[in-house]
Amino acid sequence: DGTLFGTLCAIDPAPQPDSTRDEQALLELMASLLSGVLQGELAAADAVRRAERAELEATRDAMTGLYNRRGWAMLLNREEERCRRYGHPACVVSIELEELKFVNDTQGNAAGDALLVRAGQALSSLTRGSDVVARLGGNEFAMLLVECDYYDAQVMLQRVQSKLALHDVKATL
């Protein structure tokens, strides 16, 4: 049933005096104590895993796997503070898919979902590990480009447009 169990076993080929039976209660107490400590550690590790999973689910869009609005806001605030403190540049790109409603209405929600996933994959493929891509909701996406000045942003905008076109995604940047 998944419960934790263990065995405390001691074997000695030489005959032992009867007085060792007097220690049985102490051994059982120690085994119970060790079992309790182990169960506590396992429960604590499980609680940490559940908390990490809950945080991940709270900050990620289930369909695309990108950050959602909550995760975006959290990371944007951190990056804004970092930029203010160190004077480093960053760029925010706002992206709106043009045909999501049309695709949903004419081809169904599954086709619209596929369009969202394609867009998310295309945007993610362009970014570095330090950048952030988020689906803010509906047909809105955003990119946070860390250490990206105006000129780098212009190059990135061209790359975004090309990549989205390659994935048959029409969007306004």
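The legends below accompany views of a predicted model, beginning with the whole chain and moving on to individual sites.

**View 1. Overall layout of the predicted chain, with five helices and four strands.** Read from the N terminus, the elements follow the order α-α-β-α-α-β-β-α-β. The radius of gyration is 28 Å, well over the 16 Å that the globule rule gives for 173 residues, so the chain is more spread out than a compact globule. Taken along the principal axes, the box filled by the C-alpha atoms is roughly 85 × 45 × 25 Å. Of the 173 residues, 24% are buried, and the accessible surface amounts to about 12,000 Å², with 55% of that surface belonging to carbon and sulfur atoms. Among contacts with a separation of 6 or more, 61% come from residues 24 or more positions apart.

**View 2. Packing of helix H3 (residues 100–107) against helix H4 (residues 109–126).** The axes of the two helices lie 6 Å apart and meet at an angle of about 150°. Because angles over 145 degrees count as roughly antiparallel, H3 is described as roughly antiparallel to H4. On the H3 side the contact is made by Leu-100, Val-103, Asn-104 and Gln-107, while H4 contributes Asn-109, Ala-111, Gly-112, Asp-113, Leu-115 and Leu-116. Sorted by class, the residues of this contact comprise five nonpolar, four polar and one charged.

**View 3. Surroundings of Gly-112, a residue of helix H4.** With a relative accessibility of 0%, Gly-112 counts as buried. When residues up to four places away in sequence are set aside, Gly-112 touches Leu-100, Val-103 and Asn-104, and these three residues are also listed on the H3 side of the contact between H3 and H4. Glu-99 is 13 residues from Gly-112 in sequence, and the C-alpha atoms of the two residues are 8.8 Å apart in space.

**View 4. Backbone at Glu-147, in the loop between strand S3 (140–146) and helix H5 (150–166).** Although Glu-147 is not a glycine, its phi is positive, at about 55°. The relative accessible area of Glu-147 is 35%, and the residue is therefore classed as partly exposed.

**View 5. Backbone at Asp-168, in the loop between H5 and strand S4 (171–172).** Asp-168 likewise has a positive phi of about 55° without being a glycine. Its relative accessibility is 55%, so Asp-168 counts as exposed.

Definitions and conventions. Residues are numbered from 1 along each chain as its sequence is written. This is a predicted model: local features need pLDDT of at least 70, side-chain atom pairs count only at pLDDT 80 or more; totals for chains, interfaces and linings use all residues. Side-chain values use heavy atoms; hydrogens and water are left out. Axes are lines fitted to C-alpha atoms, for helices over the stretch in contact, and angles run from 0 to 180 degrees between N-to-C directions. Angles under 35 degrees count as roughly parallel, over 145 as roughly antiparallel, 65 to 115 as roughly perpendicular and the rest as oblique. Contact means heavy atoms within 4.5 Å. Ala, Val, Leu, Ile, Met, Phe, Trp, Tyr, Cys and Pro count as nonpolar, Asp, Glu, Lys and Arg as charged, and the others, Gly among them, as polar. The radius of gyration is taken over C-alpha atoms; the globule rule is 2.2 Å times the number of residues to the power 0.38. Buried means under 20% relative accessible area, exposed over 50%, partly exposed in between (1.4 Å probe, protein chains only). Accessible areas come from the Shrake-Rupley method with a 1.4 Å probe; for residues, only the protein chains shown count as cover.
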